[in-house]
Amino acid sequence: MDLGPAGTTATRPGQDGPATTTPARVRTNRLDLALAEARYAYRHASAYRGLLDRAGVDVDGLADLADFRSLPLTDKQFYRANYPAGVVALAGPLSAEQHVLISHSSGTGGQRLTTAAHTYDLARRMADTTSVHLELKRRLLRARSQRIARYAAPNCSDVECASPLTTMESRTLRDGTLVLPVGHDLLATRPSMVEQAIEEVGIHRPDWFYTDATHLAFLLRQYRARALPPPAVSAVILTYTLATHVARRQVVAALAPAIPVAEVVSMSELGWVAMECPRGVLHLNTATFFMELLDATAAEVPEGGVGELVATSLRDRLLPHVRYRTGDLYRRLPPCPCGSPFPAVRHEGRAVHHLALPDGRGLSPKEFDDLVGADPGVVLYRMQQRSPRRFRFSYVPAEGTDGTATGAALRERIVAALGPDAQVEVEQVEYIATDRTGKFLSCLGAGIGGGPR
């Protein structure tokens with residue numbers, strides 16, 4: 001079955017009150033909406049119509065979950081190859097006057113993707129996703145001025161923020177978000193750009209940060225190095241890449257535990273799709289998406305299993321996504337004690353970043369990050385698989401700690417997890433380069449089949 005509410009309670013989208021009983025028909029309607037999305041895409045998007053025709057699918061005969069599962073999967077390459085004419089369902093040129101936001105992905109999966117979405121759809125998805133954390137939702141949606149500061153890889157923004165010659169005005173998005181200046185190579189960011197970012201935070205006075213965890217940890221270290229108080233924000237959203245334990249430790253320590261800090265999974269193609277609840281458990285937004293977790297045979301994974309997230313948008317009249325392979329792997333968890341009707345999962349990372357161990361096992365970026373943990377002796381790290389047996393772990397030690405002892409303890413944990421046939425090199429460094437996309441990826445597989453086994 002799909003990843004719908006597992007129990008009999010649910011909080012309707014946008015409702016802040018206690019959970020209420022959800023009739024079976026309401027849950028069934030989600031499948032009805034997903035089937036309707038496929039029919040709409042077939043009639044209004046020529047590339048999707050061709051895909052279904054080649055697969056021999058009769059969209060008018062779609063009636064149940066088995067029929068839905070007969071629909072072919074789509075992926076980033078499909079939308080990239082057919083954008084805009086083959087996948088956009090709106091006739092004529094796209095424009096801001098139609099409440100359309102055109103954005104570009106960072107290229108983490110290997111290719112950048114241009115996509116379009118109605119701004120009100122993105123707002124609805126954000127509101128539904130944040131329903132799992134009501135206190136944070138109140139802070140995000142009811143802030144005094146909705147001033148937001150973004151600090152992340154330059155490729156993650158549709159403005160130029162890696163040049164020291166840009167102005168605040170040129171880096172302020174239509175929704176009022178200020179994109180702070182930062183170098184493409186995070187640790188090589190010029191001191192003048194760091195000073196500029198700190199000054200702009202003081203001028204902008206953001207209500208909350210929308211940021212990459214490693215980037216924000218870097219910026220907060222710059223505040224501390226200058227003996228400056230950290231920015232006074234009411235909440236922090238960590239996104240763009242998996243938040244490592246060491247980055248999160250630094251963010252929470254600098255901004256005080258009283259400020260809500262939550263990880264969000266957001267995609268350029270879909271907007272917000274998942275968020276942590278106050279217990280730190282990630283929940284998929286099944287209010288505005290029909291979600292599936294599928295194994296290598298395209299079967300739904302059971303509780304405890306790991307599968308690829310496949311998402312179908314609901315009521316998207318601009319660029320519908322039907323059975324869209326996200327490339328991200330999640331572990332399906334039992335219902336969360338927080339009481340949210342949204343399914344609980346653990347984001348294991350992108351499939352291409354999994355480590356393939358010599359004994360045939362796979363180790364996800366999330367599992368590897370658990371090995372490192374919130375080690376106080378580590379500022380940031382990178383694990384990279386260099387061949388089927390060779391691995392290199394690089395780490396920047398925290399100031400005032402014994403880096404050698406930290407490295408020895410880390411090596412012991414890593415070798416025990418990877419197995420005796422793995423050749424592990426551990427090195428203490430002062431600098432680790434970011435990925436070519438500008439993102440800082442902490443775990444990189446060798447692209448030799450690393451994935452859940």
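The following exchange discusses how the helices and strands of this predicted model are described.

Colleague: Why is helix 8 called oblique to helix 9?

Modeller: The axes of helix 8 (residues 213-225) and helix 9 (residues 245-255) cross at roughly 45°. Angles under 35 degrees count as roughly parallel and those from 65 to 115 as roughly perpendicular. The crossing falls in neither range, and helix 8 is therefore oblique to helix 9.

Colleague: What is the handedness of the crossing of helix 8 and helix 9, left-handed or right-handed?

Modeller: The crossing of these two helices is left-handed, and their axes come within 8 Å.

Colleague: Which residues make the contact, and how do they divide by class?

Modeller: Helix 8 contributes A213, T214, L216, A217, L220 and R221, while helix 9 contributes A247, Q250, V251, A254 and L255. By class, eight are nonpolar, two polar and one charged.

Colleague: What makes the packing of helix 10 and helix 11 oblique or roughly antiparallel?

Modeller: Helix 10 (residues 365-372) and helix 11 (residues 403-418) pack at about 140°, with axes 9 Å apart. Roughly antiparallel requires an angle over 145 degrees, so this pair counts as oblique. The crossing of helix 10 and helix 11 is right-handed.

Colleague: What does the contact of helix 10 with helix 11 consist of?

Modeller: F368, L371 and V372 of helix 10 meet L410, R413, I414 and A417 of helix 11. Six of these residues are nonpolar, none is polar and one is charged.

Colleague: Why are strand 6 and strand 12 said to stand at the edges of the sheet?

Modeller: The open sheet has 11 strands in the order 6-5-7-8-9-10-11-15-14-13-12, with mixed pairing. Strand 6 (177-179) and strand 12 each have a single partner strand, so one side of each is left without a neighbour in the sheet. Neighbouring strands are turned by 40° against each other on average, direction ignored.

Colleague: How do you know that strand 13 and strand 14 pair?

Modeller: Pairing requires at least two bridges. Strand 13 and strand 14 (residues 324-332) have five, in the antiparallel sense, and therefore they count as paired. G307 stands opposite Y330 in strand 14.

Colleague: What makes helix 8 roughly perpendicular to strand 5?

Modeller: Helix 8 runs at about 100° to strand 5 (148-151). The range for roughly perpendicular is 65 to 115 degrees, so the term applies. Helix 8 also lies across strand 7 and strand 8 (235-238).

Colleague: Which residues of helix 5 are buried?

Modeller: In helix 5 (residues 119-129), D121, R125, M126, A127, D128 and T129 are buried. These buried residues pack against several elements, including strand 4 (114-118) and helix 6 (134-141).

Definitions and conventions
Residues numbered from 1 in each chain as written. Predicted model: local features only at pLDDT ≥ 70, side-chain atom pairs only at ≥ 80, totals over all residues. Heavy atoms only, no water. Axes fitted to C-alpha atoms, helices over the stretch in contact; angles between N-to-C directions. Helix = DSSP H or I, 4+ residues; strand = E, 2+ residues; numbered from the N terminus. Left-handed = near helix turned anticlockwise from the far one by under 90°. Contact = heavy atoms within 4.5 Å. Nonpolar A, V, L, I, M, F, W, Y, C, P; charged D, E, K, R; others polar. Buried < 20%, exposed > 50% of the residue type's maximum accessible area, 1.4 Å probe, protein only.
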